[in-house]
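Colleague: Got a minute to go through this one with me? Put it on screen and I'll ask as we go.

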Amino acid sequence: MASVDTGWLPPAERFGFWQDLVARQSAAARIRSAHAADFAASARAVDLGAVRLGVWRYPSLEFTRAAPMINSTDPELYQLALPLSGRGVMTQQRREGRLDPSAFALVDTVRPHESRHGPDGTTPGTVQTLTVLVPHHALPVPAHRLAALCAVGIPAGTGMGALLAAFLRRIMAHPEQYAAADAPQLDRIALDLIAGTLAGQLDAVRDLPVDVRVTGLRARVTAFVREHLTDPELSPATVAAAHHLSLRSLHRLFEGTGATVGGLIRSGRLDRAARELADPQLRQLSVAQVGARCGFAHPAHFSRAFRAAYGVSPGEHRERAGRG
């Protein structure tokens with residue numbers, strides 16, 4: 001991960017440095033800000049391979065990439081932007097879309113576009129945006145189809161958009177959890193989730209390659225498991241039924257990944273139980289109550305599974321956490 005902060009520079013040099021940074025990361029553009037005289041901003045970037053991620057924090061920005069700034073040598077990139085705070089607008093292809101935390105906005109960097117983004121009444125001060133840069137050729141969706149999505153809000157709170165947003169946020173929030181060797185796999189997952197999200201907006205999921213669709217379905221299943229861990233009835237059979245799959249098809253979906261649906265359920269419940277047992281605000285709950293909250297219907301089964309996973313009983317884990 002690379003990071004920069006204009007706070008290390010004299011105020012008079014900060015905005016010029018930021019303009020150069022944006023030009024190097026994406027494309028030449030005219031950038032303006034009401035805070036140009038003292039531009040306090042920072043950026044973090046993670047390069048996965050084809051996909052480049054960034055989180056940008058700034059007081060306000062107006063961005064214009066006009067036709068004369070675009071030439072044939074510019075890299076053909078799409079940018080997905082997800083505001084994490086603040087409000088604004090984006091314009092491309094004679095369409096104007098809102099910029100807010102509820103949706104991604106897609107732009108084609110080799111076409112003219114404009115955007116404005118700044119604080120709203122509920123988020124004074126600086127705002128943040130998560131961006132994804134991906135080459136045209138890396139997405140299995142034709143450019144002429146994706147042109148229809150430029151400057152159109154792509155929901156980030158439901159469906160594939162929610163899975164994509166959660167995946168990107170997790171990487172940018174904790175990049176230290178991933179080794180350099182993980183980058184190719186993360187890059188592939190990111191590309192498949194992006195393709196699935198965009199194709200879903202175009203009702204073209206069936207046109208995607210099989211491996212891309214498999215990644216999307218696997219991500220939906222995994223998210224479903226996480227959301228329903230507290231349900232004691234959650235099992236591979238109920239997961240399969242919820243996704244209109246046979247149990248055999250569900251198991252085949254995870255072949256070669258080193259994971260199983262039963263394993264995801266078990267490890268998810270145990271991880272949650274370990275956190276809750278260590279939480280001082282939940283000390284009033286008995287060990288059995290914590291197990292029940294995490295989807296374990298039988299205290300004895302909870303205790304056996306916990307000891308097998310962590311080498312200590314749930315009660316011993318709680319005591320150690322309290323001492324620590």
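**Domains, core and a few residues**

Modeller: Nine residues of domain 1 touch nine residues of domain 2. Keep in mind that this is a predicted model.

Colleague: Where are the bounds of domain 1 and domain 2?

Modeller: Domain 1 covers 2–207 and domain 2 covers 211–322. Their centres, taken over C-alpha atoms, lie 34 Å apart.

Colleague: How many helices and strands are in the chain?

Modeller: Eleven helices and twelve strands. The C-alpha trace spans about 70 × 50 × 35 Å along its principal axes.

Colleague: And what percentage of the 324 residues is buried?

Modeller: Buried residues make up 44%. The chain exposes about 16600 Å², with carbon and sulfur atoms supplying 53% of that.

Colleague: What about contacts along the sequence: what share joins residues at least 24 apart?

Modeller: 70%, counting contacts between residues at least 6 apart in sequence.

Colleague: On to the core. Which residues of the largest nonpolar core touch the most other members?

Modeller: Val-51, Leu-53, Phe-104 and Leu-139, out of 42 residues in that core.

Colleague: Which elements give two or more residues to this core?

Modeller: The strands are β4 (52–58), β6 (77–83), β9 (103–108) and β11 (127–135). The helices are α3 (159–173), α4 (183–201) and α5 (210–227). Domain 1 and domain 2 each supply at least three residues to this core.

Colleague: Take Leu-139. What is Leu-139 in contact with, leaving aside neighbours within four places in sequence?

Modeller: Tyr-78, Val-134, Leu-146, Leu-191, Ile-194, Ala-195 and Leu-198.

Colleague: Now Leu-82. Buried or exposed?

Modeller: Leu-82 counts as buried, because its relative accessibility is 1%, and the cut-off for buried is under 20%. Leu-82 sits in strand β6.

Colleague: What does Leu-82 touch, not counting residues up to four places away in sequence?

Modeller: Pro-101, Ala-103, Phe-104, Thr-129, Leu-130, Ala-156, Ala-165 and Arg-169. Phe-104 came up before, as one of the core residues that touch the most other members.

Colleague: And what separates the C-alpha atoms of Leu-82 and Cys-150?

Modeller: 14 Å in space, and 68 residues along the chain.

Colleague: Switching to backbone. What is phi of Gln-93?

Modeller: Near 55°, so a positive value in a residue that is not glycine. Most residues other than glycine have a negative phi.

Colleague: Where is Gln-93 found?

Modeller: In the loop between β7 (87–92) and β8 (95–99). Arg-94 lies in the loop between β7 and β8 as well. Arg-94 has a positive phi too, about 60°, and is not a glycine.

Colleague: How do they score on accessibility: which is partly exposed, which is exposed?

Modeller: Gln-93 counts as partly exposed at 31% relative accessibility. Arg-94 counts as exposed at 89%.

Colleague: One more loop. What does Asp-120 touch, not counting residues up to four places away in sequence?

Modeller: Gly-86 and Arg-87. Asp-120 is in the loop between β10 (113–118) and β11. The C-alpha atoms of Asp-120 and Pro-11 are 24 Å apart, with their positions 109 residues apart along the chain.

Colleague: Last thing, charges. How many positive and negative ones does the chain have?

Modeller: 36 positive and 29 negative. Their mean positions are 5 Å apart.

Conventions
Residues are numbered from 1 along each chain as its sequence is written. This is a predicted model: local features need pLDDT of at least 70, side-chain atom pairs count only at pLDDT 80 or more; totals for chains, interfaces and linings use all residues. Side-chain values use heavy atoms; hydrogens and water are left out. Helices (H or I, at least four residues) and strands (E, at least two) are DSSP runs, numbered from the N terminus. Buried means under 20% relative accessible area, exposed over 50%, partly exposed in between (1.4 Å probe, protein chains only). Contact means heavy atoms within 4.5 Å. Accessible areas come from the Shrake-Rupley method with a 1.4 Å probe; for residues, only the protein chains shown count as cover. Lys and Arg count as positive and Asp and Glu as negative; His and the chain ends are not counted. The place of a charge is taken as NZ of Lys, CZ of Arg, CG of Asp or CD of Glu. A nonpolar core is a set of buried Ala, Val, Leu, Ile, Met, Phe, Trp, Tyr and Cys residues joined through side-chain atoms within 4.5 Å. Domain bounds come from an automatic or database domain assignment.
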